[in-house]
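Got the viewer open? Let's walk through this one a selection at a time.

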Amino acid sequence: MTSSVVDPRELARCRRQIFLSLFIALAVALNTLEFMLPSPAPWFRLGFANILTLVALYLFGGRAAWTVALARILVGALLLGRLFSPGFFLSLGGGVLATALMTGARRLAGERLGPIGASLLGAAGHATGQLLVAWLLLVRHAGLWTLYPPLLLFALGAGLLNGIAADVLIGTLRRHPAFARGATGQVGGEVSPSGK
């Protein structure tokens with residue numbers, strides 16, 4: 001019988017990669033499922049996949065959130081045959097602004113910003129990013145911005161629901177040993193001070 005010494009850093013890195021892959025797969029599945037459901041308005045989606053971006057942000061940090069968000073947009077567009085279509089650029093614009101706001105605010109506010117607050121910021125960013133891309137690429141008309149108030153209202157409602165779901169999921173996962181914080185405060189005993 002043989003025994004081996006496992007490097008805690010390597011174990012944490014492998015664990016993080018596995019969980020991020022699972023988060024991306026789940027986000028793509030939710031995005032695809034939501035795309036097939038009827039939508040109450042053009043371009044409007046509830047954004048359930050953002051729950052996984054929030055989970056990645058709060059468990060693994062900003063870089064992980066960007067990885068999940070961008071991979072979900074790219075892989076989802078490939079699966080649905082929408083790569084480089086107007087819908088892809090709308091999704092990309094909304095996703096980039098949403099993720100930038102969530103990760104930036106989390107970095108500035110730290111633990112004072114919870115998942116629900118981050119989700120509301122992301123929802124506002126997503127609605128704004130989509131409308132900006134639509135104005136830049138599709139409809140250069142001032143009347144387009146009359147859609148902004150109802151779109152923002154829908155987005156904030158969806159963001160609230162997604163934030164609550166993410167808060168519950170993060171709380172549940174943090175009680176599991178695989179997501180426990182190590183002595184450095186990093187999930188899974190990860191040592192990197194940057195949280196990346």
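Start by selecting Arg-13: this residue is partly exposed, with a relative accessible area of 40%. Now add Glu-10, which is also partly exposed, at 38%. The two side chains form a salt bridge, and the closest N and O atoms sit 2.7 Å apart. Both residues belong to helix α1, three residues apart, or about one turn of the helix. That spacing fits a general rule: an α-helix has 3.6 residues a turn, so residues three or four places apart point the same way.

Before going on, zoom out. What you have loaded is a predicted model. Colour by secondary structure and you'll get six helices and zero strands, in the order α-α-α-α-α-α. Of the 196 residues in the protein chain, 40% are buried. The accessible surface comes to about 10700 Å², with 70% of that belonging to carbon and sulfur atoms. Turn on contacts, and among those with a separation of 6 or more, 69% link residues 24 or more positions apart.

Next, pick out the spans that an unreviewed UniProt entry lists as "transmembrane region": 18–37, 43–60, 87–105, 117–139 and 151–173. Try a distance on two of them. Residues 18–37 have end C-alpha atoms 29 Å apart, and the span is 95% helix. For 87–105 the ends are 27 Å apart and the span is 100% helix.

Now select 50–60, helix α2. How many of its residues are buried? Eleven of eleven, so to speak a clean sweep; among them are Asn-50, Thr-53 and Tyr-58. Show the surroundings and you'll find the buried residues of α2 packing against α1, α3, α4, α5 and α6. Step just past the end of α2 to Gly-61, which takes a positive phi of about 105 degrees.

Carry on into helix α3 and stop at Arg-72. Which side chain of opposite charge is nearest to it? That would be Glu-34, 7.8 Å away; Arg-72 is buried yet has no salt bridge. Leaving aside neighbours within four places in sequence, Arg-72 is in contact with Ala-27, Val-28, Asn-31, Ala-49, Ala-77 and Ser-91.

Last stop: Arg-106 and Glu-111, whose side chains meet in a salt bridge at 3.2 Å, N to O. The model has two salt bridges by count. Check the surface here: Arg-106 is buried, with a relative accessible area of 13%, whereas Glu-111 is exposed at 60%.

Terms used. Residues are numbered from 1 along each chain as its sequence is written. This is a predicted model: local features need pLDDT of at least 70, side-chain atom pairs count only at pLDDT 80 or more; totals for chains, interfaces and linings use all residues. Side-chain values use heavy atoms; hydrogens and water are left out. UniProt positions are given in the numbering used here, feature names are shortened, and annotations may be inferred rather than shown by experiment. Helices (H or I, at least four residues) and strands (E, at least two) are DSSP runs, numbered from the N terminus. Buried means under 20% relative accessible area, exposed over 50%, partly exposed in between (1.4 Å probe, protein chains only). Contact means heavy atoms within 4.5 Å. Lys and Arg count as positive and Asp and Glu as negative; His and the chain ends are not counted. A salt bridge is a side-chain nitrogen of Lys or Arg within 4 Å of a carboxyl oxygen of Asp or Glu. Accessible areas come from the Shrake-Rupley method with a 1.4 Å probe; for residues, only the protein chains shown count as cover.
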